[in-house]
Amino acid sequence: MLATDGIPTAADLAAKMPSPERLAKGPVVMAECFQRIPCDPCMHTCKQGAILPFQDINDTPVVNHDRCNGCGLCIARCPGLALFVLDYTYSDTEALVKIPYEFLPLPAPGQTVAGVNRSGEAVCTARVVKVTAGEKMDHTAVIWLAVPRTMAMEVRHCRIPERGESIG
Amino acid sequence: MPQNIRFVEIAVAGGGPAGLCAALEAAAAGARVVLIDRNEKPGGQLVKQTHRFFGSRAHHASERGVNIAREIAGAAAAHPNIEVMSAATVFGFYEDGVLGVEQAGRIFYLKPSRVIVATGAAEKSLAFPNNDLPGIYGAGAVQTMVNVYGVLPCRRVLMVGAGNIGVIVSYQLLQAGVAVAAIVEAAPRIGAYWVHAAKVRRAGVPIYTGHTVKRAYGERELAGAIIWQLDENGQPVPGTEKDFAVDTICLSVGLSPLVELLAQAGCRLVYAPQLGGHVPVRNAELETSMPGVYVAGDAAGVEEASAAMVEGALAGLHAARGLGYVQPDFESRRAALQQQLHSLRSGPAGEKIRAGLAQVLAG
């Protein structure tokens, strides 16, 4: 659990998950922000009004998933790197997971990397589809990972494999 | 020996987030400010904070600390009312309100009409066998070496303390290519914001809450550390030992406010553990028990840099007003700053701060 080991529980995650119907429609954000802390850039960044106005700066984001178009602008603005965009419409076998990433070197599009879960374990191979790292993003890149559909709720990080390392 | 004493309007001791914002606010009101900072470049701890800040737009939320430092230190350097003295140390606060300053081996004296003390805080240490082995550092020291000077002092680290500093420095060490074997925290819960904990956790760093260092080992330098579990009474449990081969231990076990100048000035100090130790009694305007002496930032109580910036601005606003420099929108500015500070502290993360402040706020 988050308070003792930094890992959210299944119940924590269930409360933040977009509905299966919404997930089936296309890209949408999942805000894995579970603690009331004084922070609100996500709400100010969302151009769709999908992250509802805060009553208090300590509020955790409440997302209207129907308003979210999955643009992902919020991903690199979240100081906690806690926002992810999921796209189950990517293909019949794969889903896209868009993650914030602040390590160098950046993976390259087309590269195969380890898909890493919230506990830091490599759980599958992932294919890097796109890397965005513009000046405005100020060193927080957003990596688009194609992962097996069953892994889209698991993968939240990626790791470039070391030479000779085999993954999953 | 006769000494020249220079009379100044406002002296700010410390050029971190609180001191810089105090100087900028007082200067905006029209006061002339001398900002004295002991480092080569002002910015305080912000210069090594490569992570994005929390808070709201008014507190530079989502900006990296190092960029905030550049922005506000640049604004101070460019302001016609602010004189920045870098690599200068205030070493004494005399009974007649004179400050002794050392800069590049030269000693001189200032007699300010108002003083804002924004000296920050120092890292605490931890007692355990062999804690004097080379390779055992304060986490902030390692963060300075890595993020400011580009020096990598370690390959594999054990971080002690899962507060924001411990967890953030762990993340930044990972970014620098250092392996972080684990984060050890004596408390039963992680003190850092959970989003920080989650990002080091998914980067592969285990966090052991309810554990502490049993001992460090090594011949001429650190070779490793043994940790063990603590029971609900905080007593170590034999048989739960884990051994980590590491070349570095980073200690991130809290900060102590640097209040020596305030003590010399005669300000009344009280012990408020929630704020990190001895801190000055002050009113809502940040004026201490000594008229004309203000405090802001970690020296007033250890909390986040976003709060330090707002507190500095409030101290600067009031110190300037005390000299007759009243901004035309003084009341609305004050209300806005107080509201910002209130909101930063209003949530569960601010509970400890609120409890500490209840002991030190007067008037």
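This is a short tour of chain B in a predicted model, from its annotated domain to its interface with chain A and then to three paired strands.

Residues are numbered from 1 along each chain as its sequence is written, and chains are lettered from A in the order in which they are written. Because the model is predicted, local features need pLDDT of at least 70, side-chain atom pairs count only at pLDDT 80 or more, and totals for chains, interfaces and linings use all residues, while side-chain values use heavy atoms, with hydrogens and water left out.

**Stop 1: the domain**

Select residues 9-312 of chain B. UniProt, in an unreviewed entry, places the feature "domain: FAD/NAD(P)-binding" here; such annotations may be inferred rather than shown by experiment. Over this stretch the chain is 23% helix and 30% strand, where helices (H or I, at least four residues) and strands (E, at least two) are DSSP runs numbered from the N terminus. The C-alpha atoms at the two ends of the stretch are 17 Å apart.

**Stop 2: the interface**

Show both chains. In contact (heavy atoms within 4.5 Å) are 36 residues of chain B and 41 residues of chain A. The buried area is about 3,200 Å², with 54% from carbon and sulfur atoms; this is the accessible area (1.4 Å probe) that two parts lose on being put together, summed over both. Now select B:Arg52, B:Trp194 and B:Arg202, which lose the most area to chain A in chain B, together 25% of what that side buries.

Next, pick B:Arg64 and A:Glu102. They form a salt bridge, with the closest N and O atoms 3.0 Å apart. The count between the two chains is two salt bridges, each a side-chain nitrogen of Lys or Arg within 4 Å of a carboxyl oxygen of Asp or Glu.

Which helix of chain B gives the most to the side that touches chain A? Select helix 5 (194-202): it supplies seven residues. Helix 4 (164-175), strand 11 (207-209) and helix 8 (330-345) each supply at least two.

**Stop 3: three strands**

Select strand 4 (residues 88-93) and strand 5 (residues 99-103) of chain B, which pair in the antiparallel sense over five bridges; pairing requires that DSSP finds at least two bridges. B:Phe93 stands opposite B:Leu99. Among the five residues between these strands, B:Gly97 takes a positive phi near 85°.

Add strand 6 (residues 106-117), which pairs with strand 5 in the antiparallel sense, also over five bridges. Here B:Leu99 stands opposite B:Leu110. Two residues lie between the strands, and in this hairpin B:Ala104 takes a positive phi near 50°.
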